[in-house]
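Me: Please take a close look at a single part of this structure, the salt bridges. I am new to it, so go through the pairs one by one and say how exposed the partners are.

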Amino acid sequence: MNVIRVKDYESLSLEAAKIVGELLKTKPKSHLGLATGSSPIGLYQNLIKMFKNNEISFKHVKTYNLDEYCGLPKEHKESYYSFMHRNLFDHVDISEKNIHLPSSEGKNLEKNCKTYNRLLHKANIDLQVLGIGSNGHIGFNEPGTSFEQETFIVKLTEKTRQDNKRFFNSIEEVPAYSITMGIKNIMQAKQILMLISGASKQSAVKQLLSGNISEDFPASVLHKHENVTIIIDDAAYGDL
Ligand code: GLP
């Protein structure tokens, strides 16, 4: 596990963009696993800048997102489909057919899980971007999820719903369920890039860097992966 400490969110976003940008330069047909949340927004902004400067292109890139809320139409501004278009896809030359997110539409969500999981089995993701929940969740794999879990429907914990409340008008509006890649799917990426910023992540950083591996703290599974880079800013590091 390669840990890079940086001073703030801006440096974290630049450092992350160097890694992803380098990959896109050396392998223009890369398959990227992407994440939502506040952590990767700066990375996406830097990638958009690099695209506008003709340093990188998304023309041959395929993307696979970690997760999507259940019960929100795609068009809702807080759906992860909308988030990704607003923060990245609408500003680069990616083709809509190369964009993949799990679908929470329709009545048969189990079938949607199987469909996305089949896609992931063929995806060969070169680099997976990850944030971390304050309770250690990755994607929406909440504490207690088996490391062998593949794409599934998860009931979100109250902690996660409270953490994500800031994007909605009230807690009642925060979806209770989500469809997410499982931990096993995430671990199949060739490389993992985790971004951790802000004081609210201090205890998660402490637990992650302690090296203990437990299903009670999903991100700890990353210790079993051979190519992980974690970028952490000073605020998230705290007094560690
Ligand atoms: C959500 C997402 C995760 C993300 C987490 C942390 O729950 N499903 O993929 O890592 O939030 O978000 P943030 O980066 O906003 O702290």
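Reply: Lysine 18 is a convenient place to begin in this predicted model. Its relative accessibility is 52%, so lysine 18 counts as exposed, the cut-off being over 50%. The partner of lysine 18 is glutamate 15, and the closest N and O atoms of this salt bridge are 3.5 Å apart. Glutamate 15 has a relative accessible area of 24%, so this residue is partly exposed, a class that lies between the limits of 20% and 50%. Both residues belong to helix α1 (residues 9-26), where they are three residues apart, or about one turn of the helix.

This pair is one of eight salt bridges in the structure. In general terms, side chains of opposite charge can pair when their charged atoms come close.

A second pair is made by aspartate 234 and arginine 5, whose side chains meet in a salt bridge at 2.8 Å, N to O. Here the partners come from distant parts of the chain: arginine 5 is in strand β1 (residues 2-6) and aspartate 234 is in helix α8 (residues 234-237), 229 residues apart. Aspartate 234 has 33% relative accessibility and therefore counts as partly exposed. Arginine 5, at 44% relative accessibility, is also classed as partly exposed.

A third pair joins lysine 190 and aspartate 126, with 3.1 Å from N to O. Lysine 190 is in the loop between α6 (183-187) and β9 (191-196), while aspartate 126 is in the loop between α4 (109-123) and β6 (127-130), so the salt bridge ties together parts that are 64 residues apart in sequence. Which of the two partners is buried, lysine 190 or aspartate 126? Aspartate 126 is buried, because its relative accessible area is 7% and the limit for buried is under 20%. Lysine 190, at 45% relative accessibility, counts as partly exposed. This pair belongs to a network: salt bridges that share partners join Lys27, Asp126 and Lys190.

Read together, the three pairs can be placed as follows. Glutamate 15 and lysine 18 lie in one helix, α1. Aspartate 234 and arginine 5 link a helix, α8, with a strand, β1. Lysine 190 and aspartate 126 both lie in loops, so this pair ties one loop to another.

Conventions
Residues numbered from 1 in each chain as written. Predicted model: local features only at pLDDT ≥ 70, side-chain atom pairs only at ≥ 80, totals over all residues. Heavy atoms only, no water. Salt bridge = Lys/Arg side-chain N within 4 Å of Asp/Glu carboxyl O. Helix = DSSP H or I, 4+ residues; strand = E, 2+ residues; numbered from the N terminus. Buried < 20%, exposed > 50% of the residue type's maximum accessible area, 1.4 Å probe, protein only.
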